[in-house]
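These are my notebook entries on a single model. I set down what I looked up, entry by entry.

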Amino acid sequence: MSLFNIKAIKNEKGFTIVELLIVIVVIGILAAITIVAYNGIQNRAKTQSAQASASVLQKKIESYNASIGTYPVDATNANYTTTLNGQTESTIVSTGVALGAPSAVNGTKTIKVSLCSTAGATGYKLEYWDFGTAALTATPITGNLNSTTCAAWTALT
């Protein structure tokens, strides 16, 4: 290698290690922001899906009432499901909705049904999983409420 070649190599420009580290850190920060934003969007979508499932169940319960003239009053999830599936208009078999305890694992299709147990009051309450708060929704869907306020709810077992 001649002296001329060594001087030519010294004059070549490139990135320093500090510049490369700064670029890597900036890319890492942007990736972290993207992941957090994506998770938030995903959680909102799952919550909206769970809310839609609860709305479907509400429509099926109201269809049962329109067909039979009363609301189902079964005490267990299995019997309540069987009662709804007994009528063509209110069947929930094809909807994929299940009755039970919603969680982060099954929360988009599992709905908690509670019946009003206050004397003189009637109604049902449908709760679904809120993936944003990682808990049951703070605003359940209610139906068949009469003018008497329901102070106590009994969940189906």
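**Entry 1. The core.** I worked from a predicted model. I began with the largest nonpolar core, which has 19 residues. The members that touch the most others are L57, I61, Y80, L84, I111, V113 and L126. I then looked up which elements supply this core: α2, α3 (77-85), β2 and β3 (124-127) each contribute at least two residues. Helix α2 gives the most, with five residues.

**Entry 2. Two core members in detail.** I took I111 next, which I found in strand β2. Is I111 buried or exposed? Its relative accessibility is 0%, so I recorded I111 as buried, the limit being under 20%. Leaving aside residues up to four places away in sequence, I listed the contacts of I111 as A50, S53, A54, L57, V97, A98, L99, G100, P102, L126, E127 and Y128. For E127, I also noted the backbone separation: the C-alpha atoms of I111 and E127 are 5.8 Å apart, with their positions 16 residues apart along the chain.

I then turned to L126. With the same exclusion of residues up to four places away in sequence, L126 touches A54, L57, Q58, I61, I111, K112, V113, P140 and I141. I111 is thus one of the contacts of L126, and L126 appears in turn among those of I111. A54 and L57 are included in the list for I111 and also in the list for L126.

**Entry 3. The disulfide.** How many disulfides does a search of the whole structure find? I recorded one. This disulfide joins C116 to C150, with an S to S distance of 2.1 Å. The link is right-handed, with 115 degrees about the S-S bond. I placed C116 in strand β2 (residues 110-116) and C150 in the loop between β6 (141-143) and β7 (153-155), so the pair ties together parts that are 34 residues apart in sequence. Both cysteines were then checked for accessibility. C116 counts as buried at 14% relative accessibility, and C150 is buried as well, with a relative accessible area of 15%.

**Entry 4. A nonpolar surface patch.** I next looked at the surface. A nonpolar patch there is formed by F15, I17, V18, L20, L21, I22, I24, V25, V26, I29, L30 and I33. Together these residues have about 1,200 Å² of accessible area. I picked out V18 as one of them and located V18 in helix α2 (residues 17-68). V18 counts as exposed, its relative accessibility being 51%. Helix α2 therefore holds V18 of the patch and also supplies the five core residues noted above, because the two lookups name this helix.

**Entry 5. Loop residues.** I looked up V105 in the loop between β1 (98-99) and β2. V105 is exposed, with a relative accessible area of 81%. The C-alpha atoms of V105 and W129 are separated by 9.5 Å, and the two residues are 24 apart along the chain.

Finally I searched for backbone angles of note. Most residues other than glycine have a negative phi. Which loop holds A134? I found A134 in the loop between β4 (129-130) and β5 (135-136). Its phi is positive, at about 55 degrees, although A134 is not a glycine. N144 also has a positive phi, near 60 degrees. N144 sits in the loop between β6 and β7, and at 29% relative accessibility I recorded N144 as partly exposed.

Key: Residues are numbered from 1 along each chain as its sequence is written. This is a predicted model: local features need pLDDT of at least 70, side-chain atom pairs count only at pLDDT 80 or more; totals for chains, interfaces and linings use all residues. Side-chain values use heavy atoms; hydrogens and water are left out. A disulfide is a pair of cysteine sulfur atoms within 2.5 Å. Helices (H or I, at least four residues) and strands (E, at least two) are DSSP runs, numbered from the N terminus. Buried means under 20% relative accessible area, exposed over 50%, partly exposed in between (1.4 Å probe, protein chains only). Patches are made of residues with over 30% relative accessible area and no salt bridge: like charges are joined within 9 Å, nonpolar side chains (Val, Leu, Ile, Met, Phe, Trp, Tyr) within 5 Å. Accessible areas come from the Shrake-Rupley method with a 1.4 Å probe; for residues, only the protein chains shown count as cover. A salt bridge is a side-chain nitrogen of Lys or Arg within 4 Å of a carboxyl oxygen of Asp or Glu. A nonpolar core is a set of buried Ala, Val, Leu, Ile, Met, Phe, Trp, Tyr and Cys residues joined through side-chain atoms within 4.5 Å. Contact means heavy atoms within 4.5 Å.
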